[in-house]
Amino acid sequence: MKLELDTYVPGLLLWLSNKLSASASQVYRERFGITVADWRLLAFFRVYPWSTAAQACELMGMDKGAASRAISFLLREGWVDSRPRGVRQIEYHVTARGTRLHDKVYELAMARQEALLGGFSAAEVRQLVDMLKRMLDNLEAVRDRGRARVPRA
């Protein structure tokens, strides 16, 4: 048995994600002075104002350390603001200055998405999005499968 890399879906998704992230990282750094992590959190807090870092990490599967560094940077630059929520939580939202940055990056992100989906029909894009959402829904079963005992060779 050997892994067929050209049909192994987790590998294909990882390669796509890594390559997209690497090129976005370079472009976002050069044009806007931000990282992909900064952009992801800026976009998250724009969609979900007054959310916590934990909520962002949970939804996006983001590393808490990377999120903490990005949030510190976004706060320092005045792109997000914070307020305490209870004893040990902080909520964040995008400031007017952050919204202006968000809107510029958003335009580029949508142009990159359009290029990525070049040659796909609108129906194929809807089908792809549906399939990706179904895969996200299957992640718990994937985790459970990883916990099951696998016979050793």
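How many nonpolar, polar and charged residues does the lining of the second largest pocket have, by class? In this predicted model, that lining has six nonpolar, three polar and two charged residues. The protein around the pocket has seven helices and three strands, and its C-alpha trace spans about 55 × 45 × 25 Å along the principal axes. Read along the sequence, these elements follow the pattern α-α-β-α-α-β-β-α-α-α. The points below take up the pockets, then the sheet, and then the helix contacts.

**The second largest pocket**

- The second largest pocket has a volume of about 170 Å³, and the residues that line this pocket are Thr-52, Ala-53, Ala-54, Cys-57, Lys-64, Ala-67, Ser-68, Arg-88, Gln-89, Ile-90 and Tyr-92.
- Two or more residues of this lining come from each of α3, α4 (64-76) and β3 (89-94).

**The largest pocket**

- The largest pocket holds about 2,300 Å³ of space, and of the 42 residues that line it, Ser-17, Leu-20, Arg-40, Leu-132 and Leu-136 are the closest to its centre.
- Six elements are named as giving two or more residues to the lining of the largest pocket, namely α1 (9-32), α2 (36-47), α3 (53-60), α5 (96-116), α6 (122-137) and α7 (139-147).
- Among the contributors, α1 supplies the largest share of the lining of the largest pocket, with 11 residues.
- By class, the lining of the largest pocket divides into 32 nonpolar, five polar and five charged residues.

**The sheet and the helix across it**

- The three strands form an open sheet in the order β1-β3-β2, and their pairing is antiparallel.
- Because β1 (51-52) and β2 (80-85) stand at the edges of the sheet, each with a single partner strand, one side of each is left without a neighbour in the sheet.
- In general, the strands of a sheet pair through backbone hydrogen bonds, in either a parallel or an antiparallel manner.
- β1 is joined to β3 by two bridges, and the two strands run antiparallel; Ser-51 has Tyr-92 in β3 as its bridge partner.
- β2 is joined to β3 by six bridges, again with the strands running antiparallel, and the bridge partner of Asp-81 in β3 is His-93.
- β2 and β3 form a hairpin with three residues between them, and in the turn Gly-86 has a positive phi of about 75 degrees.
- Helix α4 lies across β2 and β3, and runs at about 115 degrees to β2.
- Tyr-92 of β3 is thus named twice, as the bridge partner of Ser-51 and as one of the residues that line the second largest pocket.

**Contacts of α2 with α1, α3 and α4**

- α1 and α2 pack at an angle of about 90 degrees, with their axes 9 Å apart, and that angle makes α1 roughly perpendicular to α2.
- On the α1 side this contact is made by Ser-21, Ala-24, Ser-25 and Tyr-28, and on the α2 side by Val-36, Trp-39 and Arg-40; by class, these residues divide into four nonpolar, two polar and one charged.
- α2 and α3 pack at about 110 degrees, with their axes 11 Å apart, and α2 is therefore roughly perpendicular to α3.
- Arg-40, Leu-41, Phe-44 and Phe-45 of α2 make this contact with Ala-53, Gln-55, Ala-56, Leu-59 and Met-60 of α3, and the residues divide into seven nonpolar, one polar and one charged.
- The axes of α2 and α4 come within 9 Å and cross at roughly 75 degrees, so that these two helices are also roughly perpendicular to each other.
- In this contact, Ala-37, Asp-38, Leu-41, Leu-42 and Phe-45 of α2 meet Ala-67, Ala-70, Ile-71, Phe-73 and Leu-74 of α4, and the classes are nine nonpolar, no polar and one charged.
- Some residues of α2 recur in this account: Arg-40 takes part in the contact with α1 and in the contact with α3, and is also among the residues closest to the centre of the largest pocket.
- Leu-41 and Phe-45 of α2 likewise appear both in the contact with α3 and in the contact with α4.
- In α4, Ala-67 meets α2 and is one of the residues that line the second largest pocket.

Key:
Residues are numbered from 1 along each chain as its sequence is written. This is a predicted model: local features need pLDDT of at least 70, side-chain atom pairs count only at pLDDT 80 or more; totals for chains, interfaces and linings use all residues. Side-chain values use heavy atoms; hydrogens and water are left out. On a 1 Å grid over the protein atoms alone, a cavity is a set of points where a 1.4 Å probe fits but cannot get out, and a pocket is an open set with protein on both sides within 12 Å along at least five of seven lines; lining residues have an atom within 4 Å of a point. Grid points are joined across faces, edges and corners, and a volume is the space filled by probe spheres set on the points. Helices (H or I, at least four residues) and strands (E, at least two) are DSSP runs, numbered from the N terminus. Ala, Val, Leu, Ile, Met, Phe, Trp, Tyr, Cys and Pro count as nonpolar, Asp, Glu, Lys and Arg as charged, and the others, Gly among them, as polar. Axes are lines fitted to C-alpha atoms, for helices over the stretch in contact, and angles run from 0 to 180 degrees between N-to-C directions. Angles under 35 degrees count as roughly parallel, over 145 as roughly antiparallel, 65 to 115 as roughly perpendicular and the rest as oblique. Contact means heavy atoms within 4.5 Å. Two strands pair if DSSP finds at least two bridges between them.
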